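Student: I've got a protein model open and I'd like to talk through a few of its residues. Can we go step by step?

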Amino acid sequence: MTTSTPPSAPHANPDPLAQRFVQFALACGVLRFGEFKTKAGRLSPYFFNAGLFDDGAKLGQLAAFYADRILASGVAFDMIFGPAYKGIPLAAALAVELARRGHNKPFAYNRKEAKDHGEGGTLVGAPLQGRVLIVDDVMSAGTAARESIALIRGAGATPHALAIALDRQEMATEVAPDGTVRDVPYSAVQYVQRELGLAVCAIARLDDLLQYLQTQQHPDMAQHRERVLQYRARYGVG
């Protein structure tokens with residue numbers, strides 16, 4: 001029998017940055033409603049595909065949202081790391097935006113396969129050193145984060161914080177000894193925070209999406225909110 005921590009209520013006071021980001025993601029078609037199968041095999045009533053921030057204007061605005069959230073958090077870091085593949089343009093765009101604001105930071109990323117010529121290896125960009133900020137889109141199982149942490153530590157640097165666009169605030173999964181996949185009563189974000197010791201900066205959370213839907217007058221939005229609430233009741237974490 002699967003148990004879960006009761007999900008927390010949406011913010012009493014809406015987060016203006018998160019609300020603008022949800023509106024932006026909807027306008028870009030990055031955030032969609034319907035029926036989507038997740039990697040965990042769940043049927044989700046919404047889907048977030050950061051790959052659809054697919055032109056210069058959208059990517060630049062996305063980088064500005066990341067920069068706003070990261071700088072407001074006060075998290076200190078020395079460089080940026082983008083996990084292959086979606087994290088690569090995110091890290092580059094964020095580095096450009098931070099430099100524009102007077103915070104020039106080196107960045108690096110990894111390849112999926114090691115290169116056997118030229119500089120070789122799996123790492124590209126600035127040498128990994130100091131406190132590293134990992135930037136990615138959405139964290140589901142936390143696999144990419146764990147791989148990034150191992151790479152960073154292997155290079156002698158310190159994985160220090162993680163920045164993501166959306167925290168789905170839902171249960172992660174794990175493979176049981178018998179090979180079956182089961183839900184666990186914590187999210188991938190909570191695992192990274194509690195077990196791996198990294199600070200996490202999310203531009204928006206599922207709570208923020210629900211808050212946004214609550215403020216919209218269109219009947220479709222009310223229907224979407226009800227389906228998201230039902231999904232959250234089943235898979236949500238506090």
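Student: Leaving aside its neighbours within four places in sequence, which residues is phenylalanine 48 in contact with?

Tutor: Keep in mind that this is a predicted model. Phenylalanine 48 lies in strand E2. Setting aside neighbours within four places in sequence, its contacts are Phe21, Ala25, Val30, Leu31, Phe53, Val138, Ala165 and Leu166.

Student: Okay, and is phenylalanine 48 buried or exposed?

Tutor: Go by the cut-off: buried means under 20% relative accessible area. Phenylalanine 48 has 8%, so it counts as buried.

Student: What about phenylalanine 47: what relative accessibility makes it partly exposed?

Tutor: Phenylalanine 47 is in strand E2 too, which covers residues 43-48. Leaving aside neighbours within four places in sequence, it touches Val30, Leu31, Arg32 and Phe36. Partly exposed is the band between under 20% and over 50%. Phenylalanine 47 falls in that band because its relative accessibility is 36%.

Student: Which residues does the UniProt "binding site" annotation cover?

Tutor: That one comes from the record, and the entry is unreviewed. The two phenylalanines we just discussed are in it, along with a serine and an arginine. The full set is Phe47, Phe48, Ser140 and Arg168.

Student: Where is arginine 168 found?

Tutor: Look between two strands, E7 (158-167) and E8 (171-175). Arginine 168 is buried, with a relative accessible area of 10%. Its place is the loop between E7 and E8.

Student: Which side chains make polar contacts with the side chain of arginine 168?

Tutor: One polar contact, of 3.0 Å, goes to the side chain of serine 44. Another, of 2.8 Å, goes to a glutamate side chain. So the names to remember, given that a polar contact is a pair of N or O atoms within 3.5 Å, are serine 44 and glutamate 170.

Student: Now helix H1: which of its residues are buried?

Tutor: H1 runs over residues 16-27. What covers its buried residues includes strand E2, strand E7 and helix H2. An α-helix has 3.6 residues a turn, so residues three or four places apart point the same way. The buried ones are Leu17, Ala18, Gln19, Phe21, Val22, Phe24 and Ala25.

Student: And what residue follows H1, with a positive phi?

Tutor: At the start of H1, a side-chain oxygen of aspartate 15 comes within 3.0 Å of the backbone nitrogen of leucine 17. After H1 comes a residue with phi near 75°, and that is glycine 29.

Conventions
Residues numbered from 1 in each chain as written. Predicted model: local features only at pLDDT ≥ 70, side-chain atom pairs only at ≥ 80, totals over all residues. Heavy atoms only, no water. UniProt positions renumbered as here; feature names shortened; annotations may be inferred. Helix = DSSP H or I, 4+ residues; strand = E, 2+ residues; numbered from the N terminus. Buried < 20%, exposed > 50% of the residue type's maximum accessible area, 1.4 Å probe, protein only. Contact = heavy atoms within 4.5 Å. Polar contact = N/O pair within 3.5 Å; in protein donor to acceptor, adjacent residues only side chain to side chain. Expected span 1.5 Å × (residues − 1).
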